[in-house]
Amino acid sequence: MNKIDRIPDTKQKWFKEAKYGLFIHWGLYSILGGEYKGQKTDYISEWIMNSLDIPVDEYEKLAEQFDPVNFDADKLVKRAKEEWGMKYIVFTSKHHEGFAMYKSEVSSYNVVDATPCHRDILKELAEACRKYDMKLGLYYSQSQDWDDPNGYISKSNGHEATNREEKKISDFQKYLDEKVKSQLKEILTNYGDICLIWFDTPMDMTVEQSQECIDTVKKIQPNCLISGRIGNQLGDYMTIGDNYLPRLPLDGDWEMPATLNDTWGYSKFDHNWKSPEDIIRLLIKIVSRGGNYLLNIGPKADGSIPEESCRVLNVVGKYLKENGEGIYGTKKTPVYPYELDWAEFTCREHKLYVHVLKPRKRLELLNCANHVTRAVLLKDGRRLDVVCDMTCEGDAVVIIDIPNELREEKNYCVCLELEEETAIFDPIRG
Ligand code: FHN
């Protein structure tokens, strides 16, 4: 089968059921927070070295300031699991800046050797993940490395960042052999089970080079998944464009990486936060289209998490606590023929979940032709009255009465138990 026609299948239950993960972008760029020597970047903040053309030796000096006194891996992982409802965490072990957020023997440009804190951040996270039974994946920038003379430097933001371009082409293999593969071995050997390696921006990597990275990973941890951004369509699952929600359900395993504001790394200037309602709706849409939502936070240099991120994630977490049955482990949902601003749907065998996102007096699901045996409010198990009927125009309709005390409420989920295995949405007829 042509690679392009391949339907990605991780064959891993945890990935298919997880639905919601936490992305963490943290590195030296977090110290700058989008500003260097009085100059602001208007691009994503973790790209500041590239966007503002900061010379390598100047940028490297940032490490001397990295001392995250407020970073508490235990608290963060506990929170992600118990309050925010995430099922896995993906942490930047090395982003394009080239700095390792763990103790590396391959390069002293790492968080233990080059900073005053001498803390192995990855070790702290890995221990917390083990303690709370949280899956841990690692972001690793395999192509771009702005610190290594042989790493790629992208100009994809329209910015002529470097004069190192010729060299990088000829010596990329050297960087791959000496830094990438060796560092992959380190992160896969020294930190316990790693559920996935989140490769990114493959650039011009050849099929052979992508495969070399995969082989390096799988030889050490055969169950470790490979993100779509290994390039050449060799990933175990599809990684959708950043913040790009597929309009329709997609076949196979996929994940959408996304930001809470407009940047991945911490920025002092970006206050364009999505609302909890935005995130809840996005989560349900992604899940109903068969994907996982990998939602990002960008800790500050001191290790604290921006308050605005926590505020949003707390509300989403509350929704998941009450309505998680309608999210985790659900399946790709048939496309409902109408655009409703007050509802989104998810499903599993013999169950259709109606996520009610705006206040309603009653729920009318026009063209839903299922036989519903019971309607249950997920947050308290209360049974609701339900009728399966026909409209005077001759269309099937399911009607659920909403009790008075719920009529002003939004963000709750009703589970419809179905005689049929799957949701039946009739096509629109005139
Ligand atoms: O260039 C990176 C970016 O900094 C960020 O890490 C995102 C996350 O998906 N990936 C790349 C751009 O797609």
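**Cysteines**

I began with the disulfides of this predicted model and found that the structure holds 0 of them. I then looked up two cysteines to see how far each sulfur is from another.

Cys213 takes part in no disulfide; the nearest cysteine sulfur belongs to Cys224 and lies 12 Å away. A disulfide would need the two sulfur atoms within 2.5 Å. I also checked the accessibility of Cys213: its relative value is 0%, so I noted the residue as buried, the cut-off for buried being under 20%.

Cys310 is likewise in no disulfide. For Cys310 the nearest cysteine sulfur is that of Cys129, 17 Å away. Cys310 has 1% relative accessibility and therefore counts as buried.

**Ser182**

Next I turned to a serine. Where does Ser182 lie? I found Ser182 in helix H7, which runs over residues 165-189.

Is Ser182 buried or exposed? Neither word fits: at 23% relative accessibility I had to enter Ser182 as partly exposed, because that class covers what falls between under 20% for buried and over 50% for exposed.

Which residues does Ser182 touch, if I leave out those up to four places away in sequence? I noted Val106 and Asp177. I also looked up Ser107, which is 75 residues from Ser182 in sequence. In space, the C-alpha atoms of Ser182 and Ser107 are 9.8 Å apart.

**The chain as a whole**

I then stepped back to the whole chain. I listed 10 helices and 18 strands. The radius of gyration came to 23 Å, close to the 22 Å that the globule rule gives for 430 residues, so I entered the chain as being as compact as a globular protein of that length. Along the principal axes, the C-alpha trace spans about 75 × 50 × 40 Å.

How much of the chain is buried? Buried residues make up 56% of the 430. As for the surface, the chain exposes about 18,500 Å², and I noted that carbon and sulfur atoms supply 48% of that area.

I looked at contacts as well, taking those with a sequence separation of 6 or more. Of these, 71% are between residues 24 or more positions apart.

**Charges**

My last entry is on charge. I counted 57 positive and 72 negative charges in the chain. How far apart are the mean positions of the positive and negative charges? I have them down as 3 Å apart.

Definitions and conventions. Residues numbered from 1 in each chain as written. Predicted model: local features only at pLDDT ≥ 70, side-chain atom pairs only at ≥ 80, totals over all residues. Heavy atoms only, no water. Helix = DSSP H or I, 4+ residues; strand = E, 2+ residues; numbered from the N terminus. Rg over C-alpha atoms; globule rule 2.2 N^0.38 Å. Buried < 20%, exposed > 50% of the residue type's maximum accessible area, 1.4 Å probe, protein only. Contact = heavy atoms within 4.5 Å. Areas by Shrake-Rupley, 256 points an atom, 1.4 Å probe, with all protein chains shown as cover. Lys, Arg positive; Asp, Glu negative; His and termini not counted. Charge placed at Lys NZ, Arg CZ, Asp CG, Glu CD.
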